[in-house]
Structure formats: structure tokens, C-alpha cells
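Biologist: I am new to this structure and should be grateful for a close look at a single part of it. Would you please take me through the sheet and what lies against it?

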Amino acid sequence: MSVPSEFWSVAPFDAFDAVGRAAFLAAAERREVSAGEAVYERGATARGAWALVSGVVELSDPEMRSVGMSSPSTYDAPGMLLSTGSLLQAFAHRRHCTARTDAVLLCLPREVFETRLLAGDAFAARLLDYTVSLSGREVRALNAAIHSLLSRP
Amino acid sequence: MLHVSLHTFFHEVPLFAGLDADELTELSREVVTRDWGAGERLFSQGDVSDGMYVIERGEVGVFACPGQGSRVMLAELGPGAVIGELSLVDGSPRSALVETVSMTSGYFLSRDAFDRLRFGGSLGATKIVLALGRTLEQRKRVTEERLRTLVGSNAEAAELHSRELRELFGRLLKS
């Protein structure tokens, strides 16, 4: 399995050495989706993180869109990671992910990630650090937003 | 102040529940015991995050400091509470002020000590980060749900913060 060179220039993949890159590619499952096809659907149980290899996917949040707080976002850069939180916990997707064009993605299932992590694979440790840092920043941002909303008269 | 067996105590802390006996021993070598009187500050909002605390006895208050000397209590935490655990993987400044409510004892694990474990190949350290990640992910989802409820129920306030909220929900789309 190969990916474009730009894939490895995006965090956290830019921290992977050659061994890490090979180990990640060996652990991930390749998925090809056609334009209009769902990568995952809102409400479905998340099975792992997704990395975009080629094509364009769109993420949408119907619930927040209905109150004007979210617009669909397109992702078209190789190496972009989606649903990283599902490496840590099984949960239901809150958002839709749909292919805007024919696309190729790599899925790293949670169970495989955890096995590789506890076996000491460096790529899994880098992914863990990235995911935990991201979650921490998002919790802080969410708390700040709640505090702002509650502090208004 | 008498500290109970570290193994016994740490085994009951969810963040360390997945560690085996050897990993707990390894961890216990890196922590230092701390004792505080009532009203003593552990750290202030904006301080450099240099490590995490685990409360063994006593209570601490967690405060937001929105400015001009004011502070709002966010939580009161007691035995078994872990504070500042995100500092183990993230160098962001402390997001709150933490001060003891009563005489308190506990443990401190510095980021430097944790990094020695982590980069020395400690599986126990990896398990701690994994447990931390799971806790954060759960907290994120609960907090996001709370924010969604607030946005839905307080349209006027949401409109005032619509740009920041749209940016936040846009970032959350990826995760």
C-alpha cells in the first residue's frame, strides 16, 4: 500500500520515521469510496480513525446546522485525520462523513491501534499523543465556550 | 501527615487502574508526597503546567478566574481526585486555580519524571496516557452535549458568540 508523499507532511504523520510509516500502513485498512457514498454515518458506532489518502470528503453536523452553528466542511488534503477520538472509545458518530468525489481513505481500527500501542509500536504512541493533546484542547475550548454563554446576563 | 501505602492508594485511582504491580512500583518511584495546610494554593490559572497531582486526603477547590480579581468555583475535589493530568502530555498553561479547602495531602508527578518513564519505554506510562485519553474523550462528549443544549436553549447568547461557536463546532467536526 502506498500513499502520496504529502500524506507524511501532516501531523501526526510528520513525526513518523520509516519504520513507523510502514507499521501504520500495515495496520490500516484501505477503503475506496465513490462520490456520494458515506464513509460513516451519524449514529453509527465509530470503529477507528480515518486518514484521507486522496479525494474529497465532507463532514456535516445536522444538529448544529439546524441552529446555524455549523456548515458542512470539506477535507481534501492527504493525511487529514478524522474521528481520532474513536481510537480511544467506541461511541456513536455525531456527524456524517460523505465522499464528495471518489476517495481513498485508511482506517485504523481501535482494537488494532490498542494492540500495537501496548506492543510498544512508536507510531501508535505518536498517534496517542496527538489524539490526547487534541482532545485536551477541545475540552478546554468547550469549557471556555460554556463559560462565555453562562456568563452572559 | 501519614501516607497510606502508595500501591494500595494508586490502584484505586482510575487513571492508574490498568497498571500491574511492577508498573505501580515504577510509578511510585517517580512521585513525591505533598502536604498542604488549609487555603494553600497548588497552582494559579496561567501557571506553567509542570505536572499532575493526586489528592489522598482533604479537599481542594478548582476556580476559574475570569479577571479583575474575581473567581468562580468550578468544583470541589476530594480523595482520589487527579488534577492537572493533561500536563503530562500538553504544555498549555494551567486552565484554573486550585487551592486547598482543608488540610490536604497527596502526590505530585512532574512532567519531567513522567517523560523519563515514557521515553524510557515504560508500558505503565503508555497505559496512563491511554487512560487519560479515554477520560478526556468521555469528558469532551459530555461537555459538547452540554454546550449543544445551551446553544439550543439560549439563542440570544449563542448569537452573541456565534463566530466562536461556529469555529469550535467546525474544529469538532474532524474529531
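Modeller: In this predicted model, strand 1 of chain A and strand 8 of chain A, residues 103-109, run antiparallel to one another and are joined over five bridges. Within this pairing, R30(A) stands opposite L106(A) of strand 8 of chain A. Two helices of chain A lie against the sheet. Helix 1 of chain A, residues 18-27, packs on it and touches strand 1, strand 3 (48-54) and strand 8 of chain A; the direction of this helix makes about 95° with that of strand 8 of chain A. Helix 3 of chain A, residues 110-118, also packs on the sheet, with contacts to strand 3 and strand 8 of chain A, and its direction makes about 55° with that of strand 8 of chain A.

The sheet as a whole is open and has four strands, in the order 1-8-3-6 of chain A, with antiparallel pairing. At its edges are strand 1 (29-33) and strand 6 (81-82) of chain A, each of which pairs on one side only.

Helix 1 of chain A also leads to an aromatic contact. The model has 18 aromatic pairs over all chains. One of them is formed by F24(A) and F123(A), whose rings are edge-to-face, with 6.0 Å from centre to centre and 70° between the planes. This pair links distant parts of the chain: F24(A) belongs to helix 1 of chain A and F123(A) to helix 4 of chain A, residues 122-151, with the two positions 99 residues apart. Both F24(A) and F123(A) are buried. They belong to one aromatic cluster together with F7(A), W8(A), F13(A) and F16(A).

Methods
Residues numbered from 1 in each chain as written. Chains lettered and ligands numbered in written order. Predicted model: local features only at pLDDT ≥ 70, side-chain atom pairs only at ≥ 80, totals over all residues. Heavy atoms only, no water. Pairing = 2+ DSSP bridges. Contact = heavy atoms within 4.5 Å. Axes fitted to C-alpha atoms, helices over the stretch in contact; angles between N-to-C directions. Phe/Tyr/Trp six-rings, centres within 6.5 Å; stacked < 30°, edge-to-face > 60°. Buried < 20%, exposed > 50% of the residue type's maximum accessible area, 1.4 Å probe, protein only.
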